[in-house]
Amino acid sequence: MFIFINLSILIVVQCIYKNKNFSKEIRYATAIIFAILMILMTMYSVREVNEIQKTKNDQGYKFDSQDYIFKNVKDILLLSVFCMIAAILCGATGIAGGMVLGPLFLTYNMQPQVMSATNQFITLIASIAVASQFAYLQLIYWGYATLYMVITVFAVFLGIYSVNIYVKKTGKQSIILIILVICLALAFVSIPLKAILK
């Protein structure tokens, strides 16, 4: 429900803000209201995470050796701020959120498989928001979208299946880090390369 509310607010705000039929005042007011709502939603989320952490501690929850334990509200807020900065960078540059959040989560000693799954979930939400906005603005070429959807679903299943087989055989999760580094390197090189080709 929390994710659905956030997604709904994001889609409504984007549609209002990008619609030139609304006056500048209405669009600026929408942006301000959006910022306030996001601050309130973040405060709610931080409180919920803090309560869950307290409940786990009170009931003697056995954390994994590589679990990140939020010791106080400051830790949760710090991660939220880092994620916000990452989201701004991704939105400004057009790169996928996992490119920025992956290394960030690894600095919190998150297991590579958990980091990968978390990034995929975040990417799913962001992709739904962007696709919904483009569909509303009638900017989607459905033929290409369907083709790329089929290719992407096949590639994702193939990638996850292959990585799981490798991890089960070797017990090493380093392959996920290697793939992440290759993707980051390609993304880094592709930006200047695109400018050179133009």
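Ala, Val, Leu, Ile, Met, Phe, Trp, Tyr, Cys and Pro count as nonpolar here, Asp, Glu, Lys and Arg as charged, and the others, Gly among them, as polar. Keep that split in mind for the pocket further down.

Now for the model itself, which is a predicted one. The protein has seven helices and zero strands, so its elements simply read α-α-α-α-α-α-α from the N terminus on. Its C-alpha atoms fit a box of roughly 55 × 45 × 30 Å along the principal axes. Of the 198 residues, 17% count as buried. If you take the contacts with a separation of 6 or more, 52% of them are between residues 24 or more positions apart.

Let's start at the N-terminal end. F22 sits in the loop between α1 (2–18) and α2. With a relative accessibility of 33%, F22 counts as partly exposed, because that value falls between the 20% limit for buried and the 50% limit for exposed. Setting aside residues up to four places away in sequence, F22 touches I16 and R27. For a sense of distance, F22 and L77 are 55 residues apart in sequence, and their C-alpha atoms are 35 Å apart in space.

A little further on is T30, in helix α2 (residues 24–58). Its relative accessible area is 11%, and buried means under 20%, so T30 is buried. Beyond its neighbours within four places in sequence, T30 is in contact with V13 and I16. I16 is thus a partner that turns up for T30 and for F22.

Next, jump to helix α5, which covers residues 112–136. Is its length what you'd expect for 25 residues at 1.5 Å a residue, or not what you'd expect? The expected span is 1.5 Å times one less than the number of residues, which gives 36 Å, and the end C-alpha atoms are indeed 36 Å apart, so the two agree. Within α5, the residues P112, M115, N119, A129 and Q133 are buried. Just after the helix, Q138 takes a positive phi of about 55 degrees.

α5 also leads us to a pocket. The second largest pocket has a volume of about 1400 Å³. Of the 33 residues lining this pocket, the closest to its centre are N119, Q120, T123, T152 and V156. N119 is the residue we just met among the buried ones of α5. Four helices each supply at least two residues of the lining: α4 (97–107), α5, α6 (142–170) and α7 (174–197). And here's where the opening definition pays off: the lining divides into 22 nonpolar, 11 polar and no charged residues.

Finally, have a look at the tyrosines around the start of α6. The structure holds two aromatic pairs. Y141 and Y144 form an edge-to-face pair, 6.4 Å centre to centre with 80 degrees between the planes. Y144 and Y148 make a stacked pair, 6.5 Å centre to centre with 25 degrees between the planes. Why are Y144 and Y148 separated by about one helical turn? Because they are four residues apart in helix α6. Together, Y141, Y144 and Y148 form one aromatic cluster. As for their surroundings, Y141 and Y144 are both exposed, and Y148 is exposed as well.

Key. Residues are numbered from 1 along each chain as its sequence is written. This is a predicted model: local features need pLDDT of at least 70, side-chain atom pairs count only at pLDDT 80 or more; totals for chains, interfaces and linings use all residues. Side-chain values use heavy atoms; hydrogens and water are left out. Buried means under 20% relative accessible area, exposed over 50%, partly exposed in between (1.4 Å probe, protein chains only). On a 1 Å grid over the protein atoms alone, a cavity is a set of points where a 1.4 Å probe fits but cannot get out, and a pocket is an open set with protein on both sides within 12 Å along at least five of seven lines; lining residues have an atom within 4 Å of a point. Grid points are joined across faces, edges and corners, and a volume is the space filled by probe spheres set on the points. Contact means heavy atoms within 4.5 Å. Rings of Phe, Tyr and Trp (its six-membered ring) pair if their centres lie within 6.5 Å; planes under 30 degrees apart count as stacked, over 60 as edge-to-face and the rest as tilted.
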